[in-house]
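Let's take a walk through this structure together. Have the sequence and the 3D view open as you read.

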Amino acid sequence: MAISEIESETPLLEDTVVGVVDYRGFPAKRSTSGGWRSASFIIGVELAERIAYYGIGFNLISYLTGPLGQSLAVAAKNVNTFNGIGCLLPLLGAFVADSFLGRYRTIVFASLLYILGLGLLTLSAMLPSLSPSYSQNNDNSPTQFQVVLFFFSLYLVAIGQSGHKPCTQAFGADQFDGQHPVECKAKSSFFNCYIQDNLNWGLGFGIPCIVMAAALLLFLLGTKTYRYSIYTNVESPFGRIGKVFVTATRNWRTGPPLKAAEEANGGTLPDHHGSHQFEFLSKADGSKEDGKACSFSDIEEAKAVLRLLPIWITSLLFSILPAQLSTFFTKQGTSMDRSTGLGFDIPAASLQSLQTITIVIFIAIYDRIIVPIARQLTGKPSGISMLQRIGTGMFLYIISMVVAALVEVKRLKEAVEHGLVDTPNVTIPMRVWWLVPQYVLSGVGDALAMVGFQEFFYDQVPNELRSVGIALYLSIFGLGSFLSSFLISAIEKVTGGDGQDGWFCDNLNKAHIDYFYWLLAGLGLSGLAGYVYFSKSYIYNKKVVV
């Protein structure tokens with residue numbers, strides 16, 4: 001080949017992104033695919049999906065205790081169960097995406113299920129006005145069919161989210177090349193970016209349905225610009241990692257073999273810092289005569305997954321805290337003075353938008369101001385490590401529980417002073433703005449902890465399991481919702497027996513959710529202590545610059 005021909009081909013080689021293809025299956029070009037252009041479509045889709053999901057979640061406690069007539073404790077448990085299942089099912093969705101369908105197709109199929117669930121949810125909210133039996137009874141109680149349809153639709157939304165949530169975040173991050181100096185920094189910024197009281201409930205559920213339909217169309221518009229991951233191994237990543245554990249167990253009596261350092265060069269993890277951790281897994285690297293030995297890179301992938309386990313476990317106690325935003329935080333607001341002086345009251349559920357606004361503002365401040373300052377102080381490109389960011393967010397969430405408890409103590413005191421203890425439907429003369437600090441603190445905690453969790457679990461799992469990495473992060477908060485539901489049930493049984501007014505009495509003025517907040521703060525602090533202990537000994541994969 002002539003020198004001129006080689007030179008003419010060099011720019012094309014430099015423009016090609018390794019390990020990904022375009023929508024036609026050809027090697028993806030950096031100039032025409034991926035980057036912020038493609039990520040913008042995915043961010044728009046993720047934003048629309050969050051609007052749809054939180055449009056339901058923020059108002060669910062009010063709908064259950066209102067039109068469906070459930071008690072506060074039962075409604076809180078139902079909300080936590082929905083949130084828990086919604087955060088655990090992504091493990092299944094991620095498995096399907098990473099092993100069979102791929103992230104793009106999984107997002108499309110999940111979006112269709114999501115839209116169907118939201119449509120049926122809207123129908124269930126409109127049924128009372130259409131049902132003859134409902135109109136004749138005039139007792140404002142829902143029909144059995146309406147209740148069944150409502151919960152069926154609700155969990156169909158959870159199934160749709162199971163494929164949507166882990167794949168959109170992972171697919172969005174896939175649009176940036178982690179080995180490219182400019183796109184690597186952009187990937188970190190990508191993770192940082194990431195009305196019912198006075199309106200008809202059918203309209204309130206219908207708007208999220210319309211938003212999700214628009215989100216699917218937006219996602220499809222970006223099809224030709226996306227970068228699609230290709231898998232170099234025929235065997236499923238789950239199969240390879242599972243084989244490591246099975247083979248190591250079979251060879252547990254043998255000593256770990258010596259391996260040449262050169263064999264690590266072709267592995268998924270470029271520099272195996274943790275190769276001396278979990279030495280028992282090295283026994284999977286035995287003689288290849290029986291064909292059952294595992295490669296060095298497969299063993300290191302298994303170790304990388306296992307290293308995540310202590311972080312995942314110690315985060316569970318903390319994960320109970322965020323579950324309160326969509327339950328007791330909202331119920332606090334319903335009993336307080338929400339008037340604006342303009343002829344309307346602030347919907348209690350809309351107070352949660354304070355947290356969202358805080359997240360948006362703080363992420364901009366964090367990315368543009370805090371990170372550059374921290375970068376100069378620590379010498380690290382990201383300013384602080386991902387685990388330090390998560391730990392700081394956990395601490396702020398604990399502070400928000402302390403503040404929430406103090407505000408609730410004052411609210412109960414106001415109810416006693418004004419003789420409103422036995423009249424729960426009367427507004428307590430205490431402005432709803434007292435709740436702002438706890439929402440703001442939880443918002444800052446979210447911006448640090450949640451975004452940190454997303455980036456951490458995405459980057460620290462093997463390349464082919466990144467959807468599963470996002471699902472692992474979500475599963476923490478799924479189990480947190482179930483733990484919250486378990487706590488509520490146990491506390492209700494202990495404190496509300498024999499006709500006594502328990503901590504979660506339907507009359508909020510006789511309840512003691514302040515005690516519950518203090519308990520959560522203590523549990524969160526215990527979890528944080530364990531998290532800090534294991535974080536100090538965690539070894540990052542070198543592919544991540546911390």
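## A guided walk through the model

Start with Cys209, which is buried because its relative accessible area is 16%, under the 20% that marks the cut-off. Keep in mind as you look around that this is a predicted model. Another cysteine to find is Cys505: with 14% relative accessibility, Cys505 is buried too. How many disulfides does the count come to? The count is 0 disulfides.

Now for a pair of helices. Two packed helices are described by the angle between their axes and the distance between those axes. Look for helix H3, residues 72–88, and helix H4, residues 90–101: their axes come within 5 Å and cross at roughly 20 degrees. That crossing makes H3 roughly parallel to H4, because angles under 35 degrees count that way. On the H3 side, the contact is made by Ile85, Gly86, Cys87 and Leu88, while H4 brings in Pro90, Leu91 and Leu92. Sort the residues of this contact between H3 and H4 by kind and you get 6 nonpolar, 1 polar and no charged.

Stay with Leu88 for a moment, since this residue of helix H3 has further partners. Is Leu88 buried, partly exposed or exposed? Leu88 is partly exposed, because its relative accessible area is 26%, which falls between the 20% and 50% cut-offs. Leaving out residues up to four places away in sequence, Leu88 touches Ser475, Gly478, Leu479 and Phe482. Ala158 is another residue to look for: Leu88 and Ala158 are 70 residues apart in sequence, yet their C-alpha atoms are 9.5 Å apart in space.

You can do a similar exercise with Phe109, in helix H5, residues 103–130. The relative accessible area of Phe109 is 46%, so Phe109 counts as partly exposed. Phe109 and Gly160 are separated by 51 residues in sequence, and by 8.1 Å in space from C-alpha to C-alpha.

Next stop, Asp298, which you'll find in helix H11, residues 296–314. Asp298 is buried, with a relative accessible area of 14%. Which residues does Asp298 touch, not counting residues up to four places away in sequence? They are Arg240 and Val244.

Let's finish with the aromatic rings. A pair of aromatic rings is described by the distance of the centres and the angle of the planes. In this model the count comes to 32 aromatic pairs. Take Phe456 and Phe457: their ring centres are 5.3 Å apart and their planes sit at 85 degrees, so the pair is edge-to-face. Phe456 and Phe457 are both buried. Trp503 and Tyr515 make another edge-to-face pair, because their planes are at 70 degrees, with the ring centres 5.5 Å apart. This pair links distant parts of the chain, 12 residues apart: Trp503 sits in the loop between helix H16 (466–495) and helix H17 (513–536), whereas Tyr515 belongs to helix H17. Tyr515 itself is partly exposed, with a relative accessible area of 38%.

Finally, try zooming out to a whole group of rings. Ring pairs join Phe318, Tyr397, Phe453, Phe456, Phe457, Tyr473, Phe477, Tyr538 and Tyr540 into a cluster. Phe456 and Phe457, the edge-to-face pair from a moment ago, are among the members of that cluster.

Definitions and conventions. Residues numbered from 1 in each chain as written. Predicted model: local features only at pLDDT ≥ 70, side-chain atom pairs only at ≥ 80, totals over all residues. Heavy atoms only, no water. Axes fitted to C-alpha atoms, helices over the stretch in contact; angles between N-to-C directions. Helix = DSSP H or I, 4+ residues; strand = E, 2+ residues; numbered from the N terminus. Parallel < 35°, antiparallel > 145°, perpendicular 65-115°, else oblique. Contact = heavy atoms within 4.5 Å. Nonpolar A, V, L, I, M, F, W, Y, C, P; charged D, E, K, R; others polar. Phe/Tyr/Trp six-rings, centres within 6.5 Å; stacked < 30°, edge-to-face > 60°. Buried < 20%, exposed > 50% of the residue type's maximum accessible area, 1.4 Å probe, protein only. Disulfide = S-S within 2.5 Å.
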